[in-house]
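The following note is addressed to a colleague who is meeting this structure for the first time. Please read the numbered points with the sequence and the model side by side.

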Amino acid sequence: MADPKLDSTIPPGLHLISAFLSMEPTETLLSLSRECGGGLVTEGVQRFIWEHCISNEAGEKGFGPYLKNFLKKLISEVESRNGTVLDELYEQCGYYMSSLKDNALVKGSARVCKCISFLFPDACELPSCPKSSNLVVPLHCSLNMLEGDTGCSVWPSSLFLSEFVLSFPDIFSNKSCFEVGSGVGLVGICLSHVKASQVILSDGDLSALSNMKINLELNQLSAETDVLKRFGEDPNTQVKADMDNKSSVKCFHLPWESATESELQEHLPDIILGADIIYDPSCLPHLVRVLAILLKQKKASSQTREESCKGQFQEAKHIVVNGASEGKSFLARDLHGSECVTIQNGNGNGNGTDPRRVVELNGGSSVARLKKHPVAYIASVIRNIDTFNCFLKLAEAANLVITDITEALVPLNLLPYMQSYNRSSLRLFTVKCK
């Protein structure tokens, strides 16, 4: 029987299962297995691994060479300490040994389904935190991170940016978000989870784009046109109601070098995102040009939107400002969905709409956000300082301001079981127009 204190819903059992589902390196699994057994991989821990990782649906769908390697090292770990190995583990390992080739693990075309589990802390009150405190994102991805499949792999920067989105959902909620170089689509799936008003995913690689669409489907998301077609016949179904609570998701092919200004200006994102996109010096001029177009395009429309706020409200929500008796504020949306605030005095006469005015509510939150130009959030590992300095120079020439906010906005550690994930090497930057 499993150890009485070993529970699949709480650490360390939860961490072991999460690491297995995300295909963490075998050494991580062994380390977590020892933690589950108080320093040893006991028979109870082995039973737990068999029941929750190997013999169930996760094991059946698992990548054979990965399971084979894990079982070989697990058995060696137990035997080296004169422990008893479960017969089931011996038999399963024997099956893999006889049926799988040793070189299967290094095949460049190997595609697997990893499940990334974001584990929220106890008593977390963030709107992004599900009732179970465990958000599981299945991803169809490549095991080969270097030989042509970079857009189909899960990179540290996309993990970090996803943690950032889930830790600060208010930044992205009800915003139009555009990701440049979306890869497997993990960040976009997290944006949908925090209810961004629109999620636009792009990538310059067609294989990455095709893989991204698979991942959207795995997470019950699809392109906006597919959603409308699927539920057009029965608008009263519960599934339709569930989809109404999700962001609309669009994904399209966008090679930076051939992207046109008119093509990019079809979108008016509030927020641009990018994970590990500062890597190739030859691509940087094209990347900076794309960022500049996306970040500057709202200047031309800001005046129109300010005018639309004057008297064209669709809905209004009454808010008392800090309990002050002399004034109240009304949060409203114009016909374009932008937020405006109008302040009324005690006799009910409005003093006009000022989209740039910030009203502080109880708790210090602010409401007026209309007069804000787009901002980009870029997560990156700085592997080559010369490449990064090249990016800074190109950005300055394009009148863009880069700010390091890594220490200012620290996301929650939602991946505590990922020992291979080195958060200290990651930086988070904002990019804005001057």
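1. Ser 133 is a suitable place to begin: this residue is found in the loop between β1 (111-119) and β2 (134-142). Helices (H or I, at least four residues) and strands (E, at least two) are DSSP runs, numbered from the N terminus. The phi of Ser 133 is near 60 degrees, a positive value in a residue other than glycine. With a relative accessibility of 22%, Ser 133 counts as partly exposed; buried means under 20% relative accessible area, exposed over 50%, and partly exposed in between (1.4 Å probe, protein chains only).

2. On the basis of the note: this is a predicted model, in which local features need pLDDT of at least 70 and side-chain atom pairs count only at pLDDT 80 or more, while totals for chains, interfaces and linings use all residues. Residues are numbered from 1 along each chain as its sequence is written, and side-chain values use heavy atoms, with hydrogens and water left out.

3. On the overall make-up, the protein contains 16 helices and 13 strands. It has 434 residues, of which 48% count as buried. The accessible surface is about 21200 Å², and carbon and sulfur atoms account for 50% of that area; such areas come from the Shrake-Rupley method with a 1.4 Å probe, and for residues only the protein chains shown count as cover. A contact means heavy atoms within 4.5 Å. Among contacts between residues at least 6 apart in sequence, 69% join residues at least 24 apart.

4. On further backbone features, most residues other than glycine have a negative phi, and most peptide bonds are trans. Met 23, in the loop between α1 (13-21) and α2 (26-36), has a positive phi of about 60 degrees although it is not a glycine. Met 23 counts as buried, at 14% relative accessibility. Asn 82, just after α5, also takes a positive phi of about 60 degrees. The peptide bond from Pro 11 to Pro 12 is cis, with omega near 0 degrees, and Pro 12 is placed in the segment before α1.

5. Which helix should span 24 Å? Helix α5 (residues 64-80) has 17 residues, and its end C-alpha atoms are 24 Å apart, in agreement with the expected span at 1.5 Å a residue. That expectation is 1.5 Å times one less than the number of residues. The buried residues of α5 include Leu 67, Phe 70, Leu 71, Leu 74 and Val 78. Their cover includes α1, α2, α3 (43-54), α4 (57-61) and α6 (87-99).

6. On the interior, a nonpolar core is a set of buried Ala, Val, Leu, Ile, Met, Phe, Trp, Tyr and Cys residues joined through side-chain atoms within 4.5 Å. The largest such core has 82 residues, and those with the most contacts inside it are Ile 54, Phe 118, Leu 161, Phe 172, Leu 191 and Leu 273. Helix α5 supplies the largest share of this core, seven residues. Another core lies apart from it, with 30 residues, among them Val 180, Val 288, Leu 400 and Cys 433.

7. Two residues illustrate the surroundings within the fold. Beyond its neighbours within four places in sequence, Leu 161 is in contact with residues including Val 187, Leu 273, Tyr 377 and Leu 428. Ser 380 is placed in strand β11 (residues 375-381) and is buried at 1% relative accessibility. Leaving out residues up to four places away in sequence, Ser 380 touches Ser 157, Asp 276, Ile 278, Ser 425, Leu 426 and Arg 427.

8. On aromatic rings, the structure holds 10 aromatic pairs. One of them joins Tyr 95 and Tyr 96, a tilted pair at 5.5 Å centre to centre with 55 degrees between the planes. Rings of Phe, Tyr and Trp (its six-membered ring) pair if their centres lie within 6.5 Å; planes under 30 degrees apart count as stacked, over 60 as edge-to-face and the rest as tilted. Tyr 96 is buried, with a relative accessible area of 7%. Ring pairs also link Phe 164, Phe 168, Phe 172 and Tyr 377 into a cluster.

9. How many disulfides are there? The count is zero, where a disulfide is a pair of cysteine sulfur atoms within 2.5 Å. The sulfur of Cys 115 has its closest cysteine sulfur in Cys 113, at 4.9 Å, which is too far for a bond. For Cys 152 the closest cysteine sulfur is in Cys 141, at 8.8 Å, again too far. Cys 115 is buried with a relative accessible area of 18%, and Cys 152 is buried at 1% relative accessibility.
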